[in-house]
Amino acid sequence: MSAVPMSPPVPYQARELLGSAARGLLEAYATPDPARRYATAHLAALRAAAAVLAARAHPVRQSGRIRSVWALLPVVAPQMQEWAVFFAANATKRAAADAGLPVVSQWEADDLVRDAESFLVQVAAAIGIDQQAILPNEF
């Protein structure tokens, strides 16, 4: 009789961050203003990326240089490099949208919400959380 290998438990902080990302995504879907919708969706993706770091990263001592979540994500999850590049490239636009500037169209906001949803689904799978546990049936 051989033992079935068990996956390590998902850290509490990773679950919380992914839950927060899912709630943010719901908020983005419900927000009619394109700038707010875009910023909220991007923030949801940022929280999802932070969940990956919380689940997989190991503390290391580095000298002084602070790196963004988007720079660290491919280090701990190489399969998410394209997502990291994509969301990092949109960070400036998100900051402008978050400031209330009319920098995005409804179409761009809708696209980012859908992209953030796809990213959350991939994150959930990568860290071992059933997406149904975090993404309600409305998705």
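Reader: In what order do the elements of the protein chain run from the N terminus on?

Author: Happy to start there. This is a predicted model, where local features need pLDDT of at least 70, side-chain atom pairs count only at pLDDT 80 or more, and totals for chains, interfaces and linings use all residues. Residues are numbered from 1 along each chain as its sequence is written, and side-chain values use heavy atoms, leaving out hydrogens and water. Helices (H or I, at least four residues) and strands (E, at least two) are DSSP runs, numbered from the N terminus; the chain has seven helices and zero strands, and its order is α-α-α-α-α-α-α.

Reader: Which element gives the largest share of the largest nonpolar core?

Author: A nonpolar core is a set of buried Ala, Val, Leu, Ile, Met, Phe, Trp, Tyr and Cys residues joined through side-chain atoms within 4.5 Å, where buried means under 20% relative accessible area (1.4 Å probe, protein chains only). The largest one has 36 residues, and those with the most contacts inside it include Trp70 and Leu73. Two or more residues each come from α1 (12–30), α2, α3 (69–76), α4 (81–89) and α6 (106–127). The largest share, 10 residues, belongs to α2.

Reader: Is His42 buried or exposed?

Author: Good one to look up in the model. His42 lies in helix α2, residues 34–56. Setting aside neighbours within four places in sequence, His42 is in contact (heavy atoms within 4.5 Å) with Trp70, Phe87, Asn90, Ala91, Arg94 and Leu112. With a relative accessible area of 0%, His42 is buried.

How values were computed
Buried < 20%, exposed > 50% of the residue type's maximum accessible area, 1.4 Å probe, protein only.
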